[in-house]
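This report describes the architecture of one protein chain, from its overall dimensions to individual residues. The sequence and the structure are shown below.

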Amino acid sequence: MSAPMIEVSGLGKVYPSPGGDLTVLDGLDFAPRPGALTAITGASGSGKSTLLHLLGTLDRPTRGTVRYGDRDVFALSSRELARFRNRSIGFVFQFHHLLPEFNALENVMMPALIAGRGRAEAQAKAAELLALVGLAERAEHRPGELSGGEQQRVAVARALVNEPVVLLADEPSGNLDRANSDELHALLARLVRERGQTAIVATHDDRLAGRAGEVYRLDGGRLHPATAGPITG
């Protein structure tokens, strides 16, 4: 068994509110399997997005640690953390957040350029990833000229351009119809199966959770193992 690539210990998140502190996450211990698709399920408001934001260093915990390898990421300075996030973590959200004034290729290139890679290298990698997600012929199209499913596949390609340690996806198919959802789910499963990409997905969709090698349910601020399904294409 490989050592955990990501290890969460005693992770807690509390938000102050007029009615008293609201505990969303209450001392989570979590070590997703490297090279696998892990699904986090749970009711709306259970804290799935909060957990992914902490794993992705978009927010800081109230207590506990998140380690990538031997690195406690929240011990890093803000500048170091931003650099780590850009280079090591890929994000896919429910809404694609593509920049409307840039075409698909340019949107995918953007994180690589921010990371300091040369334009030619970034362009070549972006083109490779658009081909991987089946959009090579749509590279010059702007987001407004793409379908919802195509936009989300561009977002997946963008998330992968810096070859991240982990791909985090927060309700990635929540804004898609069934056909496009199934296509996106198959793509995520294929990335895990063929590329060994570690992926953690927060989802309400039982069909996506059914593709995961590990499934957890978030309830009462705690993670509970749930039934896992095979990783299929």
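Against which helices do the buried residues of α3 pack? The section on helix α3 returns to this point, after an account of the chain as a whole and of its two sheets.

## Overall architecture

The model is predicted. The protein chain contains seven helices and 10 strands. Its radius of gyration is 17 Å, close to the 17 Å that the globule rule gives for 233 residues, so the chain is as compact as a globular protein of that length. The C-alpha trace spans about 50 × 45 × 40 Å along its principal axes.

Of the 233 residues, 49% are buried. The accessible surface of the chain amounts to about 10800 Å², and carbon and sulfur atoms contribute 49% of it. Among contacts with a separation of 6 or more, 68% join residues 24 or more positions apart.

## The six-stranded sheet

Six strands form an open sheet with mixed pairing, in the order β6-β7-β8-β3-β9-β10. Strands β6 (89-92) and β10 (222-226) stand at the edges; each has a single partner strand, so one side of each is left without a neighbour in the sheet. On average, neighbouring strands of this sheet are turned by 20° against each other, direction ignored.

At one edge, β6 pairs with β7 (residues 166-170) in the parallel sense over four bridges, and F91 stands opposite L168 in β7. At the other edge, β9 and β10 run antiparallel and are joined by five bridges. D219 has R222 in β10 as its bridge partner. The hairpin of β9 and β10 has two residues between the strands, and G220 takes a positive phi near 65° there.

## The four-stranded sheet

A further open sheet consists of four strands in the order β2-β1-β4-β5, with antiparallel pairing. Its edge strands are β2 (22-30) and β5 (71-72), each of which pairs on one side only. Strands β1 (residues 6-15) and β4 (residues 63-68) run antiparallel and are joined by five bridges; within this pair, R67 in β4 is the bridge partner of E7. Helix α1 packs on the sheet, touching β1, β2 and β4, and its direction makes about 125° with that of β1.

## Helices lying across the six-stranded sheet

Helix α1 (residues 48-55) also lies across β3 (37-41), β6, β7, β8 (198-202), β9 (214-219) and β10, running at about 155° to β7. Thus α1 has contacts with strands of the six-stranded sheet as well as with strands of the four-stranded sheet.

Helix α2 (residues 78-88) lies across β6 and β7, and runs at about 70° to β6.

## Helix α3 and its surroundings

The buried residues of α3 pack against α2, α4 (119-132) and α5 (148-160), which answers the opening question. Helix α3 spans residues 104-114, and its buried residues are A104, L105, N107, V108, M109, P111 and A112. An α-helix has 3.6 residues a turn, so residues three or four places apart point the same way.

The N-terminal end of α3 is capped by N103, a side-chain oxygen of which lies 3.1 Å from the backbone nitrogen of L105. Just after α3, G116 takes a positive phi of about 95°.

## Two residues in detail: T203 and R190

T203 is situated in the loop between β8 and α7 (206-209). This residue counts as buried, at 1% relative accessibility. A polar atom of the T203 side chain lies 2.8 Å from the backbone nitrogen of D205. Not counting residues up to four places away in sequence, T203 touches I40, T41, G42, K48, E171, L208 and A209.

R190 belongs to helix α6 (residues 178-195). With a relative accessible area of 25%, R190 is partly exposed. Its side chain reaches the backbone oxygen of L132 at 3.0 Å. Leaving aside neighbours within four places in sequence, R190 is in contact with L132 and R195. R190 and L37 lie 153 residues apart in sequence, and the distance between them in space is 10.0 Å, C-alpha to C-alpha.

How values were computed:
Residues numbered from 1 in each chain as written. Predicted model: local features only at pLDDT ≥ 70, side-chain atom pairs only at ≥ 80, totals over all residues. Heavy atoms only, no water. Pairing = 2+ DSSP bridges. Axes fitted to C-alpha atoms, helices over the stretch in contact; angles between N-to-C directions. Contact = heavy atoms within 4.5 Å. Rg over C-alpha atoms; globule rule 2.2 N^0.38 Å. Buried < 20%, exposed > 50% of the residue type's maximum accessible area, 1.4 Å probe, protein only. Areas by Shrake-Rupley, 256 points an atom, 1.4 Å probe, with all protein chains shown as cover. Polar contact = N/O pair within 3.5 Å; in protein donor to acceptor, adjacent residues only side chain to side chain.
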